[in-house]
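Thanks, everyone. Today I'll walk through the empty spaces in one protein, then its salt bridges. Please have a look at the model first.

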Amino acid sequence: PIHQLECCCVDCYSKNVWAYKKASAPLPSGVTGVHGEGKPLDLRYWPNKLAVTGKEKLAFNRLRDDAASISMVTTCCSTLLCVDHPFYQTNAVLTFPEFCPYIGAGELPEISTRAFIKDWPVEKYAELPPKPGFYLTADGPAFEPPGPETEAACAPTFTAFANPHISADAPGETFQELLAAAGGRVESLGP
């Protein structure tokens, strides 16, 4: 992966739980189906170049009309394959290895930072092992615990997507190309 985070946001949790419920599949170990219980999600970002077979089985959705992220899912089993968001600048896609395990990826790097920590219930967040984290405000990112060490630990999140991580002529297609090939249709799962 080109980047990794532990995520406390409601949307990451909700889109994965939606996919599992849609497929009538049991949730992964440690995931209760209730945001804020257990542990935050493992997020892994990969270069935006995908080798896909069975493109006719791809669909795209978002949690609600105003959601910025778009999920790529399968029509056959509702597996959430990856996610695009404008913040990734078309240079990366987001995946969730707890929900869709990788095959042949080897050992994944340990996650050292958390994102969107204010989405997690305060009393439950206090029970988690400490890690540098951030959340977004109208004035930009805010860090917990405050200080330059936390800012330095979280800094890679704000630069990881600035440049492509794979050659434009590498084999495969981008998320955006696959969405366009599917007619550009993005279903909204809620208002």
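How many cavities of 30 Å³ or more does the structure hold? One. Keep in mind that this is a predicted model. The volume of the cavity is about 40 Å³. Its lining is made up of D11, K15, N61, R62, L63, A67, S69 and S71. Two elements give two or more residues each to that lining: α1 and β3, the strand at 58-62. By class, the cavity lining has three charged residues, three polar ones and two nonpolar ones.

Now the pockets. The largest has about 580 Å³ of space. It is lined by 22 residues, and the closest to its centre are L50, A51, L81, T95 and C100. Which strands supply at least two residues of this lining? They are β4 at 70-74, β5 at 80-84 and β6 at 92-95. The largest share is from β5, with three residues. What is the chemical make-up of the wall? Nonpolar residues number 16, with four polar and two charged.

On to the second largest pocket. Its space comes to about 470 Å³. Here 26 residues form the lining. Nearest the centre are C9, H85, F87, Y88 and F116. The elements with two or more residues in this lining are β1 (3-7), α1 (10-22), β2 (41-47) and β8 (133-137). Among these, α1 gives the most, three residues. We have met α1 before: it also gives two or more residues to the lining of the cavity. By class, the second largest pocket is lined by 18 nonpolar, five charged and three polar residues.

Let's turn to charge pairs. Side chains of opposite charge can pair when their charged atoms come close. How many salt bridges does the model have? The count is seven. I'll take three of them.

Start with E6 and R114. Their side chains meet in a salt bridge, at 2.4 Å from N to O. Look at where the partners sit. E6 is in strand β1, while R114 is in strand β7, residues 114-115. They are 108 residues apart, so this pair links distant parts of the chain. Buried or exposed, these two? E6 is buried, and R114 is buried as well.

Next, D42 and R44. This pair also forms a salt bridge, with the closest N and O atoms 2.6 Å apart. Again, both residues are buried.

Third, K55 and E173. Their salt bridge spans 2.4 Å, N to O. Why does this pair tie together parts that are far along the sequence? K55 lies in the loop between β2 and β3, and E173 lies in the loop between α3 (148-154) and α4 (175-181), so the bridge joins parts 118 residues apart. How accessible is K55? Its relative accessibility is 37%, so K55 counts as partly exposed, since buried would need under 20% and exposed over 50%.

One last point on the bridges. Which residues are joined into one network by shared partners? They are E6, R114 and K131.

To recap. There is one cavity of 30 Å³ or more. The largest pocket has about 580 Å³ of space, and the second largest about 470 Å³. Salt bridges come to seven, including the buried pair E6 and R114. Happy to take comments.

Definitions and conventions: Residues numbered from 1 in each chain as written. Predicted model: local features only at pLDDT ≥ 70, side-chain atom pairs only at ≥ 80, totals over all residues. Heavy atoms only, no water. 1 Å grid on protein atoms, 1.4 Å probe; cavity = no way out; pocket = protein on both sides within 12 Å on 5 of 7 lines; lining within 4 Å. Points joined across faces, edges and corners; volume = space filled by probe spheres on them. Helix = DSSP H or I, 4+ residues; strand = E, 2+ residues; numbered from the N terminus. Nonpolar A, V, L, I, M, F, W, Y, C, P; charged D, E, K, R; others polar. Salt bridge = Lys/Arg side-chain N within 4 Å of Asp/Glu carboxyl O. Buried < 20%, exposed > 50% of the residue type's maximum accessible area, 1.4 Å probe, protein only.
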